[in-house]
Amino acid sequence: MADAYIIDAVRSPMGRYGGGLSHLHPADLGANILGGLIERTGVDPAAVDDCIMGCVGQIGAQAFNVARNAWLSAGLPEHVPAVTIDRQCGSSQQAVHFAAQGIMSGTQDLVVAGGVEVMSLITLNSQGDVGPDLGMRYPFDGEGWADRFGDEEVHQFRGGNLIAERWDVTLEDMNGLALRSHQNAARAWEEGRFEREVQAVGDCARDEGIRPDTSMEKMARLRPFSEHGPLTAANSSQITDGSAALLIASERAVADHGLEPRARIHTMAVVGSDPVLILTGPIPATAKVLDRAGMELDDIDLFECNEAFASVVLAWAKETGADMDKVNVNGGAIALGHPLGASGARIMTTLLNELERSGGRYGLQTMCEGGGLANATIIENLAA
């Protein structure tokens, strides 16, 4: 089977809710990053076979195929197609998978994969929440769903709290991980680790959600944000605006366009898990991708497990045995933010750059996703 190579990757700063990116139309934010990727790689955009972008809130400004609208808004060629996909929080990681699969199959040579989400404009869960108000019903009130799952509430806040309970993850444990996330992200900026991957968008040049001055004492004073359990805003991912994109290429495209690959998509997996717990998928996804790769946990130099909630990462680490010194070493979504459809590409961009900086060979990325899903990807640093 043919190899799929990562040529380059770029992301916007992660803008806080109501912050420096909140005024942008999602197509314009995506266009900024797509244009930046094309400029950085020097590739002829007319040679791109497809543009695949993740976006979860496909309503309003993010409706009607925001990937296509972003591509065209960037002034890129009309003949290049684009498609928007929704695998919930893993949408842009899945976009990378689809891009790599197109190249491995031999049917494509150059594919842009990424994502965009402006959560300040298209608010969390809005695409489902408006349904009942407009007489369009709700995603989880069908007869087949009720027959299988009854009337159990399906919500990410409940899932995150149930995981904390089942894996005996304490509030102090979760706040400790949150503190580490902010400290790691602040250090990454101080040491220049993000400089290569972040492209300024207007006046927004740095991640806006990092709180280097937070403390365990400050976090302990916050009240839980739901009736389901101890999770607070401090140990949960931030609502964020952002975009990220990668150029994936075949060996033939590398030769034809004079490209320099930075990494190889080594192995991919996707799994389903309990849709009521919602967020446990990274556990079986990690096992599946390692088995498919013929690897052991110790073969992996760096891990990225999306910090949807601190409980998710801590339960995953307990089950897999992953060394937390290798996990989210430059911070995660608790500090950097979680612009849903863009997070997978953002995380892969960060993972790629940190592998190169640290000299690691293999990185493993996994994310929990709505519906009880999870993607896992192993990439190989070609400079290692």
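Here is a short walk through a predicted model, from one of its inner strands to its largest pocket.

Let's begin with strand E3, which covers residues 50-54. Five of its five residues are buried, so E3 is largely enclosed by the rest of the structure. Buried here means under 20% relative accessible area. In a regular strand, side chains alternate between the two faces of the sheet. You can follow the two directions along E3: Asp50, Ile52 and Gly54 point one way, while Cys51 and Met53 point the other way.

Now look at the partners of E3. Strand E5 (residues 110-118) runs parallel to E3 and is joined to it by five bridges. One place to find this pairing is Gly54, whose bridge partner in E5 is Gly115. Strand E4 (residues 82-85) also runs parallel to E3, with four bridges between them. There, Met53 stands opposite Thr84 of E4. To get from E3 to E4, the chain passes through helix H2 (residues 66-73), making a right-handed β-α-β crossover.

Next comes the empty space. Rolling a probe the size of a water molecule over the atoms shows where such space is left. The largest pocket holds about 790 Å³. Its lining is made up of 32 residues, and those closest to the centre are Gln88, Leu124, Asn125, Gln156 and Leu340. By type, the lining divides into 18 nonpolar, 12 polar and two charged residues. Helices H4 (126-133) and H6 (156-166) each supply at least two lining residues, and H4 gives the most, with three.

Technical notes
Residues are numbered from 1 along each chain as its sequence is written. This is a predicted model: local features need pLDDT of at least 70, side-chain atom pairs count only at pLDDT 80 or more; totals for chains, interfaces and linings use all residues. Side-chain values use heavy atoms; hydrogens and water are left out. On a 1 Å grid over the protein atoms alone, a cavity is a set of points where a 1.4 Å probe fits but cannot get out, and a pocket is an open set with protein on both sides within 12 Å along at least five of seven lines; lining residues have an atom within 4 Å of a point. Grid points are joined across faces, edges and corners, and a volume is the space filled by probe spheres set on the points. Ala, Val, Leu, Ile, Met, Phe, Trp, Tyr, Cys and Pro count as nonpolar, Asp, Glu, Lys and Arg as charged, and the others, Gly among them, as polar. Buried means under 20% relative accessible area, exposed over 50%, partly exposed in between (1.4 Å probe, protein chains only). Two strands pair if DSSP finds at least two bridges between them. A crossover is right-handed if, with the strands pointing away from the viewer, the path from the first strand over the helix to the second runs clockwise.
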